[in-house]
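Colleague: I'd like to learn how to read a fold like this one, feature by feature. Could you walk me through it?

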Amino acid sequence: MLECRVLGPVRVVVDGAAVEVGGALPRRLLAALALADGKPVSDDRLAQAMWDDQPPAKAAAAMQAYVSRLRSALGTAYRDRLGRTPAGYFLHADEIDVRRCGELIEAARGQLAGDQPEQARIRLTEALELWRGEPYAELPDDIAAAERGRLTELREVALEDLAASRLGTGDAAEAVVQLEQLVREQPLRERRWALLVLGLYRCDRQGDALATLRRVRELLAEQLGVDPGPELQELERQVLAHDPRLRLAAPMRVVRPVPIRRPLTTFLGRSAELAVLTSRMDRHRLVNLVGPAGVGKTRLMVEYLATLGPAADPWAARLADVPDGSGVAAAVADAVGVVVTGDPVAAIVDGIGTASALLVLDNCEHVVAAAAELVDQLTQSCPGLRILATSREPLGVDGEITVSVQPLPLTTGAGEPAVELLVDRVRAVRPGWEPNPGELVAARRIATALDGLPLAIELAAARARVLGLGEIADRLADRFAVLGPVPRGSLAWHATLEAAIGWSVDLLDPADRELLLKLWAFEGGFTLEAAETIWPGRETAVLESLSALVTRSVVVADTSTEPTRYVLLESIRAYCRSIDPEPAETRLVQARWVRLLAGRCADSIRSTQAGAFVRMMSRELPNLRAGFAHDLTTDPDTALLTAVSLGVYLYRGVHHGEAIRMLRSALAAAPDASVLDRVRALNVLTALAYFSGDLAGTAELVDVVFELIPQIAADAPPRDYAEALFFLAVGCALTAPLAVTQQVTGQLIEYCERLGIEVMIPAAVSVRTIALLRQTTDSTEMLEYADALQQHSRGWNKGWANQVVGEVYLRHPSLRPDSAERALAALRTALARFLQHEDYPYALNTLRLGALALLRVGRPVEDARRLLAAVQVHAARMGLKTPGHYVVGEPWVENELGAVGVHEPVSWNAMVAMLADD
């Protein structure tokens, strides 16, 4: 919001922060533009305002320079508000204090006339507080004298109206004090004397009232030679006669609920929510802002009210001050300003009637039932009433429209709202501070750790008085100690973030609270199935409690994915962890869920739904890490089994550096685990080493596994034993002599035939064929093996076989006249199969070869280099290399394509399309 304040020295405020506009000349320019209130001002009139009768020789150029500086000071968001038309310069401010002051006074006069003195008093007080000195103080009299005189008179009348409003509320004593001062300042304004006499009379000071009437009579006669006007003469007659009309009809109860004030801090990151709220309020009568503790519901509400202007005059009831539902109606009656002598709801309905009005109910969460009942009655009985509520859960009233208020996003297309809020608040406590690159990194860490929760971010910023941002980020493991108390004047009504969260948790039903305290151990969210493991056999109860937690904004449900994913904000997790009476048991429950997931991995990876399973497991990766870490310290053999079960997923979906560390730590922690489990772990480690470019390490691991295979127990599960032989065979095909590969594949084929594991036999034949293909130098044999691979491979092996065939045709372009085209076709087949299985390491190997295939079929070398560069970037993100499977470890593709150079980033889908499309 752009504000211009001219009731005193010129001030410009942008989004709550004062802007330095410079010296006297730019201030005069701004004052003259504000005086026009958005209309263009000619160069001549601006020159007169700025330099009076002595403009410089090049006044237009000087004005242009000042305007340019002022536009820069307004910032990119508001620079265009100060512009030029053919008629002259203009300033389009969202708010000018002169305009707002007039609106407030006009609204107050209507309220006084409508017998609403308390509301008028509030508006007049706000209007007079806008005055900081002489209006348009910088402008010469020939420009601003008339407007200055009008505003001065407006203020004098407002002071009198304020005294009248105090008399109307029954606050005669305070009004008399004010009026004594007013008559001293302006003794010839008869209305002030009349109000003073009335105030004295209502204070039971009839003698003083009559003495005051004599004083004003003598004053007017002495200075003007006239008698008092008709109003004072009639008032004197009424005082002498003790006219009952001088008293209030009934002692009015002065209702002054605590106003919901608008904070001085900048309002950031909520423009979309504000637009949604505005749209909903324009079309609906009952709107509820719903979100978790500390998310900024009240602030959003206050900013919406600020857009309405003083004429809207909403009634605001702060229900946070109400201890229970029995006090809701009384609090609303106070806000509306009605005197309750019987049924408070009836009094409210009578007070509102059919009037067009807005009622605000802030913080309904602890009195939802009572608030909902009252809202239902009011919406039915008062057709002109609109209601805006804030709560941590819906009211459940027919016609209610909820607007979800979520934490600030970390990134959007327009910036980083959560980080921007943190930086803005740090600037407030460190004048002149601007973040350096390292501090911006720390700011992102803080915003991420605090989930973008505005209250938590503001408390973290407050600590920047005594701690660096890096220190704050490092200490957030104990966030409630670091974040400290809520500052005075905040809209948040709890003393700390911990208290705000505790309030939400304490409002829960016992069963819902019990479930919540077991959810904190899940990292990165959880599914309904995961939650059901907390209460085995009580699936319906889990669903009901989880639904209640989502409704009460304690848990967030992400329904954009299936299965639906549920998330606790990190601050709520930290609170639940701190009060969980059985944290060890809670961690064990989470670890058991991870074991269950891992146990499904092998069968799911083999299925036609392998791709979907890999995507699901990637969403569960934080949980996998936490469960594995728990078992590594409490049950190492189980941790090794988990790592082994995850096997193929680890090399497909996890950064290879992390996966290698996980397997090595499990092997080291479980030296006495079964030989089969150790072999399976070593086979996965072999694949990871290979794709990490460690070919020597790969060969060493193959030798170790080769020696361990005979030690596997005879009663080992047949499928597990067969897969152990298969992965050993793959490693041998890439690193060992042909005879060793033939020995292992022969053993695998014989074992599978004997035990009826038919599905593994084609895979074993494919591995043996690839080994033969890698060893032969005879062209006829190469073609024979290549054809056999393409014809007989099935499932995932079809992708591997076609990748090797494509590599063969690229390496030996003279095999066939159309070797390049055959290579490209084979690689496209391989890529499609690997993408179906979400096998990113093999897909990247295929894309690497594809870059060369594109060049061979006549595509521009820059296209091929761009694809190869993208492959290298994506491979680095996964911590892997692309060593090939026919020619292993040689950079022959890179050598032929030459230096790839620097290219724009390419997304995964775009990279795939470069090879898949003609």
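Modeller: Sure, and let's begin with strand pairing: two strands pair if DSSP finds at least two bridges between them. Keep in mind as we go that this is a predicted model. Now the case here: strand β7 (residues 286-290) and β11 run parallel and are joined by 4 bridges. One of the partnerships to look up is V290, whose bridge partner in β11 is S404.

Colleague: What is the strand order in the open sheet of 5 strands, and is the pairing parallel or antiparallel?

Modeller: Read across, the order is β8-β9-β10-β7-β11, and the pairing is parallel. At the edges you find β8 (315-318) and β11 (401-404); each has a single partner strand, so one side of each has no neighbour in the sheet. From one strand to the next, the twist averages 15°.

Colleague: Which strands does helix α13 lie across, and which does helix α15?

Modeller: Take them in turn. Helix α13 (residues 328-336) lies across β8 and β9 (357-362), and its direction is at about 145° to β8. Helix α15 (residues 368-381) lies across β7, β9 and β10 (385-391), running at about 165° to β10.

Colleague: How does the open sheet of 4 strands read?

Modeller: Its order is β3-β2-β1-β6, and here the pairing is mixed. The edge strands are β3 (17-19) and β6 (95-96), each with a single partner strand, so one side of each is left without a neighbour in the sheet. For an antiparallel pair, look at strand β2 (residues 11-14) with β3, which are linked over 3 bridges. V14 has A17 of β3 as its bridge partner.

Colleague: Let's move to helices. What describes two packed helices?

Modeller: The angle between their axes and the distance between the axes. Try helix α5 (residues 117-129) with helix α6 (residues 141-169): the angle is about 150° and the axes are 8 Å apart. Angles over 145 degrees count as roughly antiparallel, and that is why α5 is roughly antiparallel to α6. Their crossing is left-handed.

Colleague: Which residues make that contact?

Modeller: From α5 there are P117, E118, A120, R121, L124, T125 and L128, and from α6 there are R155, A158, L159, D161, L162, S165, R166, G168 and T169. By type, the contact of α5 with α6 has 7 nonpolar, 4 polar and 5 charged residues.

Colleague: At what angle do helix α39 and helix α42 cross?

Modeller: At roughly 45°, with the axes of helix α39 (residues 840-856) and helix α42 (residues 908-916) coming within 9 Å. α39 and α42 are therefore oblique to each other, and the crossing is left-handed. On the α39 side the contact involves Y840, A843, L844, T846, L847, G850 and L854, while α42 brings W908, M911, V912, M914 and L915. The residues in the contact of α39 with α42 are 10 nonpolar and 2 polar, with no charged ones.

Colleague: And how do helix α29 and helix α31 pack?

Modeller: Helix α29 (residues 636-653) packs on helix α31 (residues 675-691) at an angle of about 30°, with axes 9 Å apart. Angles under 35 degrees count as roughly parallel, and therefore α29 and α31 are roughly parallel to each other. α29 passes α31 in a left-handed crossing. In the contact, L640, L641, V644, G647, L650 and Y651 of α29 meet D677, R678, R680, A681, V684, L688 and F691 of α31. Here the split for α29 with α31 is 9 nonpolar, 1 polar and 3 charged.

Colleague: How about single residues? Where is R71, and which residues is R71 in contact with beyond its neighbours within four places in sequence?

Modeller: R71 sits in helix α3 (residues 59-74). Setting those sequence neighbours aside, R71 is in contact with R79, D80, L82 and G83. A polar atom of the R71 side chain lies 2.7 Å from the backbone oxygen of L82.

Colleague: What should I look for in the backbone itself?

Modeller: Check omega and phi. The peptide bond from E562 to P563 is cis, with omega near 0°, and P563 is in the loop between β12 (556-558) and β13 (565-567). D37 is not a glycine, yet its phi is positive, at about 50°. You'll find D37 in the loop between α1 (24-36) and α2 (43-51).

Methods
Residues numbered from 1 in each chain as written. Predicted model: local features only at pLDDT ≥ 70, side-chain atom pairs only at ≥ 80, totals over all residues. Heavy atoms only, no water. Helix = DSSP H or I, 4+ residues; strand = E, 2+ residues; numbered from the N terminus. Polar contact = N/O pair within 3.5 Å; in protein donor to acceptor, adjacent residues only side chain to side chain. Contact = heavy atoms within 4.5 Å. Axes fitted to C-alpha atoms, helices over the stretch in contact; angles between N-to-C directions. Parallel < 35°, antiparallel > 145°, perpendicular 65-115°, else oblique. Left-handed = near helix turned anticlockwise from the far one by under 90°. Nonpolar A, V, L, I, M, F, W, Y, C, P; charged D, E, K, R; others polar.
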